[in-house]
Amino acid sequence: MYDHIADAMKKPAIIKLESNLFALRFETMKLYSTITAVERLLDEGRIDTKTTLIDSSSGLYAYALAMACHKHGLKSRIVASTTINKSLAALLENLGANVEKIPAQTTLKLDQKFRVEKVLDVMKKERNHYWMRQYHDDIHYLGYEDVAKQIIREVGTENLTVVGAVGSGCSTGGITSYLRCDNEDVRLIGIEPFGSVTFGSQGVQDPDMLVAGIGSSIEFQNVRHELYDDIHWVSFNYSRVGAIHLLRDYAIFAGLSSGCAYLVARYEAEADHRGNYVFIMPDTGHRYIDAVFTGDEEVLDRDSLAPTTIHGMNEISLDWCTLNWSRRTYTIKK
């Protein structure tokens, strides 16, 4: 029995798709990390019931923060990206969140920059506000320990590879860090969209890029580059193929970041029959119904898609390429 719906929703399901391919399917992934972060802050006395928790979000984190605050009787304030639609905004408001949607910006970089500046402005003017800093505070890694334990129980860590979108780094980095406490040989494949600064693809733009939540036009301090063994860059069109095939082949309704993670994990798993591949599916596909599932565009043949192997970041190119990262560090160019 659960005391709050958030506790029932946060645990993922591990679904076996093929003999060595497993989906780690969340209803809303960031619930685990956000609830754990809020509870740690409460335990340490850094926030209390009079505190308003604030952050910027393009969608998934906003919902997780509103749910965590609802569970603990806290106030939440969301500086929302234009990617948050009316339905999600209404949901957040009914959960008690104060939603401030910024004016539409011409680029993702301006959208993210404007949102962060708005949060900083609020912090200067308002009392009893705490900035959660989802992109910068590694407290968000803590919640993924339980997820790693679940993978160890249900899949094991021998010849294991984790595949997932990089984003803030907390989900892929957090899960893999805890898995490597059991087996340091666990591999991690990170996925980036084109146009993101995190792994140096900002010079290559994807004209259809809608996968805003998995990349960044500003530096995310939570990303630990040295955790990643390989990086794949995947376009919107290819991510869409993955999402549609997840629904058609396995009846799994998921978004674009799940689609590109499936595409990469499936490709890698077919080439390595001795290893097990777990790919992260952070949420459902409801936000992408119009853009992905009801469009008139022809769906590309999944089996014809394969990445181009590159040997340096100067070779990054559409629509799908991969680089052996080898757990090295990286300094983002300003």
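This report walks through one strand, a pocket, a cavity, the salt bridges and the cysteines of a predicted model.

## Strand β5: Val-99 and Lys-101

Let's start with strand β5, which spans residues 97–101 and has Lys-101 in it. Val-99 sits in strand β5 too. How exposed are these two residues? Val-99 is buried, at 17% relative accessible area, while Lys-101 comes out as partly exposed at 45%. The cut-off for buried is under 20%, so the 17% of Val-99 puts it in that class.

Now for the company they keep, not counting neighbours within four places in sequence. Val-99 makes contact with Ile-78, Ala-80, Ala-89, Leu-92 and Glu-93. For Lys-101 the list of contacts reads Ala-80, Ser-81, Thr-82, Ile-84 and Asn-85. Ala-80 turns up as a partner of Val-99 and of Lys-101. Two C-alpha distances help with orientation here. Lys-101 and Ile-78 are 23 residues apart along the chain, and their C-alpha atoms are separated by 8.1 Å. Val-99 and Val-278 are 179 residues apart along the chain, with 35 Å between their C-alpha atoms.

## The second largest pocket

Next comes a pocket. The second largest one has a volume of about 360 Å³. It is lined by 13 residues, and those closest to its centre are Leu-88, Leu-91, Thr-284, His-286 and Arg-287.

Which helix gives the most to this lining? That would be α4, with three residues. Helix α4 covers residues 86–94, and α3 (60–72) also supplies at least two lining residues. By class, the lining of this pocket divides into six polar, four nonpolar and three charged residues.

Arg-287, one of the residues closest to the pocket centre, also takes part in a salt bridge. Its partner is Asp-283, with the closest N and O atoms 3.9 Å apart. The cut-off for a salt bridge is 4 Å, so this pair counts as one at 3.9 Å. Arg-287 is partly exposed at 34% relative accessibility, whereas Asp-283 is buried at 8%.

## A cavity

The model also has closed-off space: two cavities of 30 Å³ or more. What volume does the second largest cavity have? It holds about 40 Å³ of space.

Its lining is made up of Asp-55, Ser-56, Val-116, Val-119, Trp-131, Arg-133, Gln-134, Tyr-135 and His-136. Strand β3 (52–57) and helix α5 (108–125) each bring at least two residues to this lining. Sorted by class, the lining has four nonpolar, three polar and two charged residues.

## Other salt bridges

How many salt bridges are there in the model? The count comes to 17. One of them joins Arg-46 to Glu-44, with the closest N and O atoms 3.0 Å apart. Arg-46 is partly exposed at 41% relative accessible area, and Glu-44 is also partly exposed, at 45%.

Arg-224 and Asp-138 form another salt bridge, their closest N and O atoms being 3.5 Å apart. Arg-224 is in the loop between β8 (187–192) and β9 (230–234), and Asp-138 is in the loop between β6 (129–131) and α6 (145–154), so the pair ties together parts that are 86 residues apart in sequence. Arg-224 is partly exposed at 28%, and Asp-138 is partly exposed at 42%. Salt bridges can also link up into a network, and here one joins Asp-249, Arg-266, Glu-270, Arg-302 and Asp-303.

## Cysteines without partners

A disulfide is a covalent bond between the sulfur atoms of two cysteines. How many disulfides does the model have? The count is zero.

Take Cys-181: its closest cysteine sulfur is in Cys-170, 16 Å away, which is too far for a bond. Cys-321 is in a similar spot, with the closest cysteine sulfur, in Cys-260, 13 Å away and too far for a bond. For comparison, the cut-off for a disulfide is 2.5 Å. The surroundings of the two cysteines are another matter: Cys-181 is exposed, at 67% relative accessible area, while Cys-321 is buried, at 0%.

How values were computed:
Residues numbered from 1 in each chain as written. Predicted model: local features only at pLDDT ≥ 70, side-chain atom pairs only at ≥ 80, totals over all residues. Heavy atoms only, no water. Helix = DSSP H or I, 4+ residues; strand = E, 2+ residues; numbered from the N terminus. Buried < 20%, exposed > 50% of the residue type's maximum accessible area, 1.4 Å probe, protein only. Contact = heavy atoms within 4.5 Å. 1 Å grid on protein atoms, 1.4 Å probe; cavity = no way out; pocket = protein on both sides within 12 Å on 5 of 7 lines; lining within 4 Å. Points joined across faces, edges and corners; volume = space filled by probe spheres on them. Nonpolar A, V, L, I, M, F, W, Y, C, P; charged D, E, K, R; others polar. Salt bridge = Lys/Arg side-chain N within 4 Å of Asp/Glu carboxyl O.
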